[in-house]
Amino acid sequence: MYKLSKSRVIIILAICALGIFFAIPNLVSNKDKLPSWWQPINLGLDLQGGSNLLLEVKIDDVIKERMASIEDAARQILRENRIRYQNLAAGDSSVKVKIENSGSRSKAANQFRKIDSGIEVKENADGTLEIAYSEVELNKLKMRVVEQSIEIVRRRIDELGTKEPVIQSQGADRIAVQLPGLQNPEEVKALLGKTAKMSFHLVDSRSTAAEAKRGKLSASSRLAQGSEGEYYVISRKPVVSGENLVDAQPAFQEGEPVVSFKFNSLGGKKFGEVTKENIGERLAIVLDNEVISAPVIQSAILGGSGVISGNFTVQSANDLALLLRSGALPAPLEVLEERTVGAGLGADSIREGVVASLIGLAAVVVFMVAAYGLFGLFTTVTVFMNLFLMLGILSFMGTTLTLPGIAGIILTIGMAVDANVLIFERMREEVKHGRSTKDAAEAGFTEAWGTILDSNLTTLVAAFVLFYFGSGPVRGFAVTLAVGIATSMFTSVTVTRLIITSWLMKYKPTKLPI
């Protein structure tokens, strides 16, 4: 039989050793002390319990907000160009304004198109101009909003320290969130329910809240409610927006919990200029359209940082700092569905999966030993090595194991011996044709290789198709199936060959024990 070279033997043994090394964390009870690069397989929601949330992105609210901004921009354009107009109002998906003079109407339409590149301006028969986003731009906007929402949700959940969350889009405007190990999702729901859009507005000292409620309000100002029920008249346009924030941390000032914040260079410059030019005026800090604080500007704040105070508790200061650090959601989120999987149910699933695996392994071992004797025992060694390699690769990849993933492992235990069956049956045929022991053994490996490759490649293709077109549990099954097929091809051909070659060289039998 062909003798394996020393370098090839070293490579085979090194791969096996690496597989065992990375599989060891799965057998360790105290996993918290292990380094981050040497961790066991992550367990999915169905195996360790946890919470599953289905969120809807309220895209219509974003479009309404955009229309309100377009309304403000259109009003400014009309005033700057001294164009007479009537009934300027923002709707759910468009802004309408009536302009009697046709020349002025055409001039206004041209100016409106410059507000945003994706805007279309349509002239109706009654002399009304309708400003709206084109269908293409609207679809792009919706996609951007969902993608941004997923990213912000991921940041906020990562800040909580939840291990291995699964966050992915579902349909056009929904986000599925799986939180393994989290049995009470109320804190997560509270954090995800806030858009956390923060901005800084000057308080309009020319009008009072009472006057604003009676309709006496400047076009550049609006009425905003405070966190304790009071009302403020603030400028419509923020002097600095939350987009310029780079950090926010809970802190204490005079024994009271506060939130310290820091701007980037652009935000710090704007903030410094505003505070310098408006000493003695009040600056309203607005979070999600609610004024949480409106301090008087005592002096110019030129360092690009400041403090938000406002009757915070330690927990609320922590929550606000977390929200501001992770960024503002582009749209509100609504929880459509909430499911919780108990840890006990997950433990039952793991136990049943292990029992099924052991039963499958025992059945395979019994069959191989009964059918092929000593070579069946050699195959048993390769099956165990295949399991170690699978666990090692899945652990190294950081794969999340689910129930379908366990099914893939059980399936590959049975498939792991297919190649050995083909090899051993080929050896039997060669022996019947009168070939020597070594020649029959060598022919078994060389002649069966083509069939082994073909059969496993077709299964790998099926696994890749499942992974590409599937999602969630289906992908988990596809990953474990693909890894199992790859490791079984390696162990069945190389490891088994190494064992049989070593046995033949040491004992030099005249008859194969199959």
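Two strands count as a pair if DSSP finds at least two bridges between them. The legends below use the word in that sense, and they describe a predicted model.

**View 1. Strand β14 pairs with strand β17.** β14 and β17 (residues 305-308) run antiparallel and are joined by four bridges. Ser-260 has Val-307 in β17 as its bridge partner. Strands of a sheet pair through backbone hydrogen bonds, and the pairing may be parallel or antiparallel.

**View 2. Strand β13 pairs with strand β14.** These two strands are also antiparallel, with eight bridges between them. One bridge links Gln-249 to Ser-260 in β14. Ser-260 appears in the previous view too, where its bridge partner is Val-307 in β17.

**View 3. Glu-254 sits in the turn of a hairpin.** The loop that holds Glu-254 connects β13 (245-253) with β14 (256-263). β13 and β14 form a hairpin with two residues between the strands, and Glu-254 takes a positive phi near 55° there. Glu-254 is not a glycine, yet its phi is positive. Is Glu-254 buried or exposed? Its relative accessibility is 81%, so Glu-254 counts as exposed, the cut-off being over 50%.

**View 4. Arg-82 has a positive phi in another loop.** Arg-82 lies between helix α3 (59-80) and strand β3 (86-90), in the loop that joins them. Its phi is about 50°, a positive value, although Arg-82 is not a glycine. Arg-82 is exposed because its relative accessibility is 78%, and exposed means over 50%.

**View 5. Four strands form an open sheet.** Across the sheet the order is β7-β8-β2-β18, and the pairing is antiparallel. The strands at the edges are β7 (166-170) and β18 (333-341), each of which pairs on one side only. From one strand to the next, the twist averages 15°. In a regular strand, side chains alternate between the two faces of the sheet.

**View 6. Strands β2 and β8 pair within this open sheet.** How many bridges join β2 and β8? There are seven, and they link β2 (residues 50-57) to β8 (residues 174-180) in the antiparallel sense. Gly-50 is placed opposite Pro-180 in β8.

**View 7. Helix α5 lies across the four strands.** Helix α5 (residues 135-160) crosses β2, β7, β8 and β18, and its direction makes an angle of about 165° with β7. Angles here run from 0 to 180 degrees between N-to-C directions, so a value of 165° means that the two elements point in nearly opposite directions.

**View 8. Lys-142 is a residue of helix α5.** Lys-142 belongs to helix α5. Beyond the residues up to four places away in sequence, Lys-142 touches Ile-59 and Ile-63. Lys-142 and Ala-172 are 30 residues apart along the chain, and their C-alpha atoms are separated by 8.2 Å. The relative accessible area of Lys-142 is 32%, so Lys-142 is partly exposed; this class lies between the limits of 20% and 50%.

**View 9. Nonpolar residues form a surface patch.** Which residues make the nonpolar surface patch? Ile-20, Phe-21, Ile-24 and Trp-37 make it, and the patch covers about 360 Å². Phe-21, one of these residues, is located in helix α1 (residues 6-23). Phe-21 has a relative accessible area of 32% and is therefore partly exposed.

Technical notes:
Residues are numbered from 1 along each chain as its sequence is written. This is a predicted model: local features need pLDDT of at least 70, side-chain atom pairs count only at pLDDT 80 or more; totals for chains, interfaces and linings use all residues. Side-chain values use heavy atoms; hydrogens and water are left out. Buried means under 20% relative accessible area, exposed over 50%, partly exposed in between (1.4 Å probe, protein chains only). Contact means heavy atoms within 4.5 Å. Patches are made of residues with over 30% relative accessible area and no salt bridge: like charges are joined within 9 Å, nonpolar side chains (Val, Leu, Ile, Met, Phe, Trp, Tyr) within 5 Å. Accessible areas come from the Shrake-Rupley method with a 1.4 Å probe; for residues, only the protein chains shown count as cover. A salt bridge is a side-chain nitrogen of Lys or Arg within 4 Å of a carboxyl oxygen of Asp or Glu.
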